[in-house]
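Visitor: Could you take a close look at the salt bridges for me? I would like to know which side chains pair up, and what surrounds them.

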Amino acid sequence: MENAASASGRQDPVLQPNALDAIVEMIGSDDPDVLLDLIDTFLTDSQRQLEEMRRSMAVGDIKTLHRAAHSMKSSSATFGAVALSKLCQRLEQSARDQCVDGVCAEQIETVVAEHRLVLAALRAERAKFIR
């Protein structure tokens with residue numbers, strides 16, 4: 001699986017190599033449109049979750065920030081975006097701790113940067129399944 005890991009000097013891949021294979025195994029390989037729909041849903045929903053994180057941070061809505069970080073943590077893990085999932089887990093914990101010392105704002109920007117890499121990698125993987 002080609003991704004931004006080697007280009008950015010990262011040690012870990014942006015997406016775990018067999019994550020999409022595991023999803024295909026679960027849903028079956030006879031209809032790639034199902035996988036495409038799942039990827040598209042992640043691409044759309046994760047962008048919305050990022051916007052929700054930023055918006056909730058701007059207005060001090062820590063509960064919504066916590067929920068958005070939790071949701072992205074889970075969905076990122078499903079697609080093998082382990083680094084993004086871990087960053088969201090840290091953000092989720094910081095929100096649970098009420099974002100002491102403004103740490104959440106910095107963590108959101110780290111999540112945003114990793115999310116960009118995940119989107120690029122997932123789009124590249126998605127292209128492989130188009131008939």
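Guide: Let's start with R126 and D40, whose side chains meet in a salt bridge with N and O 2.6 Å apart. The term stands for a side-chain nitrogen of Lys or Arg within 4 Å of a carboxyl oxygen of Asp or Glu. R126 belongs to helix α6 (residues 103–127) and D40 to helix α3, so this pair ties together parts that lie 86 residues apart in sequence. Helices here are DSSP runs (H or I, at least four residues), numbered from the N terminus. D40 itself is partly exposed, its relative accessible area being 25%. That label covers values between buried (under 20%) and exposed (over 50%), with a 1.4 Å probe and protein chains only.

Before we go on, a word on what you are looking at: this is a predicted model, in which local features need pLDDT of at least 70 and side-chain atom pairs count only at pLDDT 80 or more, while totals for chains, interfaces and linings use all residues. Residues are numbered from 1 along each chain as its sequence is written, and side-chain values use heavy atoms, with hydrogens and water left out.

The structure holds six salt bridges. Stay in helix α3 for another of them: the side chains of R48 and D45 also meet, again with 2.6 Å from N to O. How far apart are R48 and D45 in the helix? They are three residues apart in helix α3, which means about one helical turn lies between them. Both partners are partly exposed, R48 with a relative accessible area of 46% and D45 with 30%.

Next, turn to E125, which forms a salt bridge with K128; their closest N and O atoms are 2.9 Å apart. Is each partner buried or exposed? E125 is buried, with a relative accessible area of 6%, whereas K128 is exposed at 54%. There is also a network to find: salt bridges link K73, E92 and R96.

Now for the helices around these charges. Helix α4 spans residues 62–78 and helix α5 residues 82–96, and the two pack with their axes 8 Å apart at an angle of about 160°. Such axes are lines fitted to C-alpha atoms, for helices over the stretch in contact, with angles from 0 to 180 degrees between N-to-C directions. At that angle, α4 and α5 are therefore roughly antiparallel. In this scheme, under 35 degrees is roughly parallel, over 145 roughly antiparallel, 65 to 115 roughly perpendicular and the rest oblique.

I62 is a good marker in helix α4. This residue is buried, at 15% relative accessible area. The C-alpha atom of I62 is 11 Å from that of L91, although 29 residues separate the two along the chain.

Follow the chain onward and you reach the loop between α5 and α6, which holds Q98. Although Q98 is not a glycine, its phi is positive, near 70°. Q98 is exposed, with a relative accessible area of 54%. D101 sits in the loop between α5 and α6 as well. It is another non-glycine residue with a positive phi, about 60°. D101 is exposed too, with a relative accessible area of 78%.

To finish, come back to helix α3 and see how α2 meets it. The axes of α2 and α3 come within 10 Å and cross at roughly 125°. The two helices are therefore oblique to each other. Two residues help you find your way along helix α2: A22 and M26. A22 is partly exposed, with a relative accessible area of 43%, while M26 is exposed at 69%. From A22 to T44, 22 residues along the chain, the C-alpha atoms are separated by 21 Å.
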